[in-house]
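Here is a short set of exercises for you to work through. Take a look at the chain below, then try each task before reading its solution.

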Amino acid sequence: MQFVDKDLKSIQEARILTESARDAQFLLKDYDQQTIDRMLKKLITEVKESLPELVAFEVAATGKGNEKDKLSLWQIFLDQFAESLHEPVLGVLEDTGELKQIGVPLGVIAAILPGENILLNAFFATISALKGGNTIILIPQARTEAVVAKLYDVFQQSNAGFPKSSFCFMENTAIEGISVLTEQAAVALVVNIGHSSYFDCSKPTIYGAVGSTPVFIERTADIDHAVDEIITSRGFDNGLLPAAEQFVIAESVIASEVKEKMIRAGAHFMSSDEEKQLLSKLFLDNEVNPTVIGKDAKTLAKISGFPVAEGTRVLVSEQPYIFEENPFTNALPCPVMTYYLESDWIHACDKCIQLLKEKRNGHTLAIHSKNSAIIREFGLKKPIGRMLVNTGAGFAGIGLDSTLPVSMILGGMTTGRGYVAKNITAKDFTYVREIGYSTTKEIGLAGEKVEPITIDQQALLEKILRKIIE
């Protein structure tokens with residue numbers, strides 16, 4: 001009975017939240033970009049001041065990730081994200097004497113949050129939605145509502161000036177409530193950040209989540225740099241960055257050197273027995289065991305029953321080939337990697353495509369190479385939304401110190417979900433109204449072109465004077 005009660009509460013809450021967000025958006029849509037930006041600045045400042053408390057609460061509540069890494073990520077992300085918010089997305093976008101483009105809000109946005117990096121995803125989605133004059137309803141995973149409530153309280157305390165219910169969250173999450181909320185007429189867009197089991201929605205949907213990123217180390221690469229970037233990226237926050245590398249493919253001529261340097265950088269290559277021990281803890285009923293998500297490599301090894309060196313940052317399984325039943329091809333939100341060897345870059349190219357298509361959960365690819373022709377070939381052929389070159393995919397994928405837009409929502413259209421493949425920004429939460437003008441001076445009633453009428457002002461003045469004299 002208690003389960004049914006929660007379902008009913010969730011359904012009722014979904015309707016109330018949608019109506020409130022709709023009414024708030026009716027007011028917010030008339031705010032100009034300058035006003036909204038000023039209010040956003042207050043929200044961001046309040047969050048910055050509360051960061052240590054927020055991060056500590058999330059790690060304690062979820063048991064996922066590394067508190068020190070999360071705090072560092074927040075600080076770097078906030079600085080670079082704030083810079084990207086200077087671009088206008090609402091109101092007049094282009095005016096060169098003639099009005100040409102106007103940014104228009106979409107309306108109410110429903111954002112389904114992941115179970116990892118909850119606060120940063122909730123923060124990014126909220127700020128991006130509000131930037132475009134939209135209101136947003138955050139939908140936490142079940143049993144993570146308290147984490148989102150913590151961020152909501154900080155937003156409320158800022159007194160930034162947004163209409164009431166411009167941002168709100170579901171306190172009783174149930175699949176029935178999500179279904180009702182996303183189908184409400186007022187909801188214009190659904191943003192699904194990592195809820196891969198929920199796609200029963202008729203509304204336009206943007207999907208972005210953790211992907212299984214292959215990284216190819218080509219023979220011309222700076223191997224020391226490549227290995228350091230890969231291990232740092234995958235080990236950061238215990239493997240929870242959405243584009244962090246999961247599969248390493250190395251050319252056979254440099255394979256032994258790559259492996260040796262990976263071990264020096266903190267990789268532990270598992271024996272077949274250790275792999276079996278890890279897999280017994282890694283999966284539960286053919287799904288990733290939620291209790292191991294976001295755990296560090298040493299903890300994973302300990303609970304699996306085998307020892308690793310003190311500085312171990314990632315666990316690595318060395319595999320000869322890909323096969324469907326191999327559990328290591330699943331998306332693993334923890335610092336576990338798979339290592340493959342290929343004879344040359346052509347076979348490595350095929351391997352990357354296989355890995356991306358095997359479970360349809362890869363939206364990003366990384367490559368380390370100094371050969372521009374090979375880099376170009378990879379960019380042209382791979383079914384991905386973003387490719388990172390000679391950098392750590394975990395950080396560069398979300399736009400940190402890279403040429404990609406700063407974003408926590410990495411479009412996953414190439415996984416077969418949603419309709420956008422790129423890094424999502426506030427601009428994706430608006431549409432652009434184009435203003436067109438005729439290229440001719442006059443158009444006749446029947447549509448035929450006519451010459452413009454010219455008036456001889458001197459002759460007209462003389463005619464008027466004669467009439468007066470008469």
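The exercises below go from a sheet to single residues and then to empty spaces.

Before you start, note that this is a predicted model, in which local features need pLDDT of at least 70, side-chain atom pairs count only at pLDDT 80 or more, and totals for chains, interfaces and linings use all residues. Residues are numbered from 1 along each chain as its sequence is written, and side-chain values use heavy atoms, with hydrogens and water left out.

**Exercise 1. The sheet**

Task: Find the order of the strands in the open sheet of 7 strands, and name its edge strands.

Solution:
- Start with the terms: helices (H or I, at least four residues) and strands (E, at least two) are DSSP runs, numbered from the N terminus. Two strands pair if DSSP finds at least two bridges between them.
- Now read across the open sheet: its order is β10-β13-β14-β9-β8-β15-β16, and the pairing is parallel.
- The edges are β10 (267–269) and β16 (386–389), each of which pairs on one side only.
- From one strand to the next, the twist averages 25 degrees. Such angles run from 0 to 180 degrees between N-to-C directions, with axes taken as lines fitted to C-alpha atoms, for helices over the stretch in contact.
- Zoom in on one pair: β8 (residues 213–217) and β15 (residues 364–368) run parallel and are joined by 3 bridges. Here Phe-216 stands opposite Ile-367 in β15.
- Finally, look for a helix: α8 (residues 223–235) packs on the sheet, and among the strands it touches are β8, β9 (245–251) and β13 (314–318). The direction of α8 makes about 160 degrees with that of β9.

**Exercise 2. Buried or partly exposed?**

Task: Decide whether Glu-251 is buried or exposed, then do so for Met-39 and Glu-183.

Solution:
- The cut-offs come first: buried means under 20% relative accessible area, exposed over 50%, and partly exposed in between (1.4 Å probe, protein chains only).
- Glu-251 sits in strand β9. Its relative accessibility is 1%, so Glu-251 counts as buried.
- Contact means heavy atoms within 4.5 Å. Leaving aside neighbours within four places in sequence, Glu-251 has contacts that include Phe-216, Arg-219, Glu-342 and Trp-345.
- Met-39 belongs to helix α2. With a relative accessible area of 5%, Met-39 is buried too. Beyond neighbours within four places in sequence, Met-39 is in contact with Tyr-31, Ala-160, Gly-161 and Phe-162.
- Glu-183 lies in the loop between α7 (175–182) and β6 (187–192). Its relative accessible area is 36%, so Glu-183 is partly exposed.
- Glu-183 and Ala-14 are 169 residues apart in sequence, while their C-alpha atoms are 9.9 Å apart in space.

**Exercise 3. The largest cavity**

Task: Find which helix gives the most to the lining of the largest cavity.

Solution:
- A cavity is a set of points, on a 1 Å grid over the protein atoms alone, where a 1.4 Å probe fits but cannot get out; lining residues have an atom within 4 Å of a point.
- The largest cavity holds about 40 Å³ of space.
- Its lining consists of Thr-126, Leu-138, Val-148, Leu-151, Tyr-152, Phe-155 and Phe-167.
- Helix α6 (residues 145–157) gives the most, with 4 residues.

How values were computed: 1 Å grid on protein atoms, 1.4 Å probe; cavity = no way out; pocket = protein on both sides within 12 Å on 5 of 7 lines; lining within 4 Å. Points joined across faces, edges and corners; volume = space filled by probe spheres on them.
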